[in-house]
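Please open the model in a viewer and keep the selection panel at hand. The tour below proceeds from one selection to the next and states what is found at each stop.

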Amino acid sequence: MLFLPFFSLEKAEAQELNMSVQVIARQLQSTDPQVFQTLETSIREFMNTRRWTGDNFSVQERIECGMVINITEELSGNSFKAQVTIQSSRPVHNASYNTVLLNHNDRDWVFEYIEHQPIEFNPNSFTNNLSALLGFYAYLIIGMDYDSFSPRGGDPYFDVAQNIIGSIPPNLDAPGWKPFESNRNRYWIIENLQNSRYVKIRESFYQYHLEGLDLMYENTSKGRENILQSLRNMEQSVVENPNTMISTMFFNAKSDELVNIFSGAPQPEKAQAIQLLYRMDSGNTSKYSRILR
């Protein structure tokens with residue numbers, strides 16, 4: 001039996017996120033570029049050094065994720081508008097492959113930032129819009145990761161994301177938080193994830209990953225069969241509720257992967273997969289047609 005000294009165990013503990021951060025501000029002329037370099041460092045340190053849950057993560061278990069912040073407009077000296085791409089992934093069991101869990105583009109970031117000012121955050125009370133945005137996506141990333149390992153495992157973290165939405169001041173002049181502004185914003189992401197109407201999609205997310213992808217190394221045909229079954233299980237919910245945020249996010253993350261999975265399937269499975277995908281994600285039919293080649 002191998003015994004490790006206590007200090008080495010403690011050293012192995014790590015925060016939940018391993019996030020890369022890139023801030024792009026090519027369109028801006030008046031702000032010193034150094035400000036955005038400092039912002040990039042501050043966000044990276046904030047996301048990666050904060051403990052977001054009560055669970056212990058080893059270094060190897062940290063969630064791989066990334067954020068690209070494209071600042072499009074300077075609203076005032078310290079106020080900016082941005083479009084942000086957020087991605088996360090997790091390793092597939094016994095494979096040198098990471099599967100994408102989240103691939104989302106948020107066009108509604110408006111925030112203030114003063115160089116060297118610490119990013120302060122409380123999930124239950126509003127501090128500023130930048131920390132609320134970062135906290136929201138931290139908990140969304142963690143919740144999506146937990147959902148891929150157990151049925152509705154992300155519930156506690158989606159609850160915290162909901163708390164963040166609830167803490168937003170009604171008079172805040174920043175888009176993306178309110179239900180009446182759009183049906184495709186942060187409010188509706190969490191509404192969909194917590195709505196029992198879409199529970200089949202949540203449960204299929206677990207089946208797709210733990211019973212599908214994670215099994216494919218040991219039994220490719222069984223893993224692929226379980227992935228096909230996960231699509232069948234979510235079909236009714238997706239078709240009856242088209243263009244919801246939860247289904248859009250699923251196919252944004254999985255469309256390319258689904259093509260790769262079913263391209264090597266037997267012909268009957270290809271036909272079933274194509275039929276399901278055409279019905280649920282009609283915007284990507286040209287992509288899915290590659291399965292038949």
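Begin with the lining of the second largest cavity, whose residues comprise four nonpolar, six polar and no charged. To display this lining in the predicted model, select Phe 121, Asn 122, Ser 125, Phe 126, Thr 127, Asn 128, Ser 131, Ala 132, Ile 164 and Ser 167. Two or more of these residues come from each of α3 and α4 (155-167). The enclosed volume is about 40 Å³.

**Helices α3 and α4**

Next, select α3 and α4 together and view their axes, which lie 8 Å apart at an angle of about 160 degrees. Because angles over 145 degrees count as roughly antiparallel, α3 is roughly antiparallel to α4. The crossing of these two helices is left-handed.

Now show the side of α3 that faces α4: the contact residues are Ala 132, Gly 135, Phe 136, Tyr 139, Leu 140, Ile 142, Gly 143, Met 144, Tyr 146 and Asp 147. From α4, add Tyr 157, Phe 158, Val 160, Ala 161, Ile 164 and Ile 165. Colouring this contact by class gives 13 nonpolar, two polar and one charged residue. Two members of this set have already been displayed: Ala 132 of α3 and Ile 164 of α4 take part in the contact and also line the second largest cavity.

**Helices α3 and α5**

Keep α3 and replace α4 with helix α5 (residues 186-194); here the axes come within 12 Å and cross at roughly 30 degrees. Since an angle under 35 degrees counts as roughly parallel, α3 is roughly parallel to α5. This crossing, too, is left-handed.

For the contact itself, select Leu 133, Phe 136, Tyr 137, Leu 140 and Met 144 of α3, together with Arg 186, Ile 189, Ile 190 and Leu 193 of α5. The class division is eight nonpolar, no polar and one charged. Phe 136, Leu 140 and Met 144 serve in the contact with α5 and likewise in the contact with α4.

**The largest cavity**

Met 144 and Leu 193 lead to the next stop, as both belong to the lining of the largest cavity. Complete the selection with Asp 147, Ile 201, Arg 202, Phe 205, Ile 246, Met 249 and Phe 250. Which elements supply at least two residues each of this lining? They are α3 (129-147), α6 (199-210) and α8 (245-263). The volume of this cavity is about 100 Å³, and the lining consists of seven nonpolar, no polar and two charged residues. By the counting rule applied, the model has two cavities of 30 Å³ or more.

**The largest pocket**

Finally, move to the largest pocket, which holds about 300 Å³ of space. Its lining has 16 residues, and those closest to the centre are Phe 111, Glu 112, Tyr 113, Asn 128 and Asn 129. Select these as a starting point, then display β6 (98-112) and α3, each of which supplies at least two lining residues. The largest share, three residues, belongs to β6. By class, the pocket lining divides into nine nonpolar, five polar and two charged residues. Asn 128, listed here by the pocket centre, is also one of the residues lining the second largest cavity, where the tour began.

Conventions
Residues are numbered from 1 along each chain as its sequence is written. This is a predicted model: local features need pLDDT of at least 70, side-chain atom pairs count only at pLDDT 80 or more; totals for chains, interfaces and linings use all residues. Side-chain values use heavy atoms; hydrogens and water are left out. On a 1 Å grid over the protein atoms alone, a cavity is a set of points where a 1.4 Å probe fits but cannot get out, and a pocket is an open set with protein on both sides within 12 Å along at least five of seven lines; lining residues have an atom within 4 Å of a point. Grid points are joined across faces, edges and corners, and a volume is the space filled by probe spheres set on the points. Helices (H or I, at least four residues) and strands (E, at least two) are DSSP runs, numbered from the N terminus. Ala, Val, Leu, Ile, Met, Phe, Trp, Tyr, Cys and Pro count as nonpolar, Asp, Glu, Lys and Arg as charged, and the others, Gly among them, as polar. Axes are lines fitted to C-alpha atoms, for helices over the stretch in contact, and angles run from 0 to 180 degrees between N-to-C directions. Angles under 35 degrees count as roughly parallel, over 145 as roughly antiparallel, 65 to 115 as roughly perpendicular and the rest as oblique. A crossing is left-handed if the near helix is turned anticlockwise from the far one by less than a right angle, and right-handed if clockwise. Contact means heavy atoms within 4.5 Å.
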